[in-house]
Every structure is written in structure tokens, then in C-alpha cells.
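Hi,

Here's the structure I said I'd pass along. Have a look at it first, and my notes follow underneath.

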Amino acid sequence: MGAWGHTNFDNDTALDFIGDVEEEGIDRIVSAIDVINTIEEDAYVDADLATEALAAIEYIATAKDRMAEDFPEDAADWVKSHKAQLLIIRGIVGKSQRAIDRIKNNSELKELWEETEDFEKWNNVLDDLNTRISS
């Protein structure tokens, strides 16, 4: 899984996603969230896609001044310079909430975390993210 902790940036995939956002911009954030919501309900959500979506949602939370403690500094700098654009993305909060729900209930990432002693901590991180983007 390439993870060393239970938060959304404690893994290689999420850290790589920061570079993707630097190169591709806001469209990369939106597409990472949208892809989760376009996968058929009974289909399996790949762990890397789920991890990228959670990282993308952290960008939205940060733009809403609800930054996670472990949100990387370079990503926070990027959000500062793109905050206005992030906040006007149509329907992004609802899409983010649906993506979190999907990841929590039917994803490879959930199954991988269920096999660890940190599953409950990971689940709490997702609940916290959902709360941060909703307020």
C-alpha cells in the first residue's frame, strides 16, 4: 500500500498527487473526485483512485480553511494561490461527500485498512474530512 500512517497524506500515492496538481492544476483535483462518483455502484474502487480522491478532497477542505494537520506545506501554498477557483467549483462539496462515502463503504482501500490495527483511526480520518468539507 506504500503507507506509513493512517492520515490522507501518509502514503506515496497522495504525495505523488501533489506533483500532479502542480502540473495539471484544478482539473486534476476535480477529476480525482469525479472518477470515484462515475464508477458503477457495484464495481470495485481501486485503492490508488480512492487515495487520490481523498487527497483531492483535502485540497477542497484546505480552501475552505479546514486544513488537516498533516496537509503538506507545498500543497498549502498551491491552495493559497488557487483558493478562489477551488471554492467556486460547482457541486464539489456534494461530490466530495459522495466520494468519501463510496470509499468508506466499497473500496479496495477500505479492505486494505480493515486488515490493519489502524482501521478505526483511518475511518475517523474520513469522518473528520467529511465534517471539514461540509462546514
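A quick word on charges before anything else: Lys and Arg count as positive, Asp and Glu as negative, while His and the chain ends are left out. On that basis the protein chain carries 13 positive and 32 negative side chains, and the centres of those two sets sit 10 Å apart. Bear in mind that this is a predicted model.

On to the fold. The protein chain has seven helices and zero strands, so it is no surprise to read the pattern as α-α-α-α-α-α-α along the sequence. Its radius of gyration is 14 Å, close to the 14 Å that the globule rule gives for 135 residues, so the chain is as compact as a globular protein of that length. Along the principal axes, the C-alpha atoms fill a box of roughly 40 × 30 × 30 Å.

As for packing, buried residues make up 47% of the 135 in the protein chain. Among contacts with a separation of 6 or more, 68% are between residues 24 or more positions apart. The chain exposes about 7,000 Å², with carbon and sulfur atoms supplying 45% of that.

One residue to look at is Asp65, in the loop between α3 (47–63) and α4 (73–87). Its phi is positive, about 60 degrees, although Asp65 is not a glycine. Most residues other than glycine have a negative phi. Is Asp65 buried or exposed? Asp65 counts as exposed, because its relative accessibility is 59% and the cut-off for exposed is over 50%.

Cheers

Note on methods:
Residues are numbered from 1 along each chain as its sequence is written. This is a predicted model: local features need pLDDT of at least 70, side-chain atom pairs count only at pLDDT 80 or more; totals for chains, interfaces and linings use all residues. Side-chain values use heavy atoms; hydrogens and water are left out. Helices (H or I, at least four residues) and strands (E, at least two) are DSSP runs, numbered from the N terminus. The radius of gyration is taken over C-alpha atoms; the globule rule is 2.2 Å times the number of residues to the power 0.38. Buried means under 20% relative accessible area, exposed over 50%, partly exposed in between (1.4 Å probe, protein chains only). Contact means heavy atoms within 4.5 Å. Accessible areas come from the Shrake-Rupley method with a 1.4 Å probe; for residues, only the protein chains shown count as cover. The place of a charge is taken as NZ of Lys, CZ of Arg, CG of Asp or CD of Glu.
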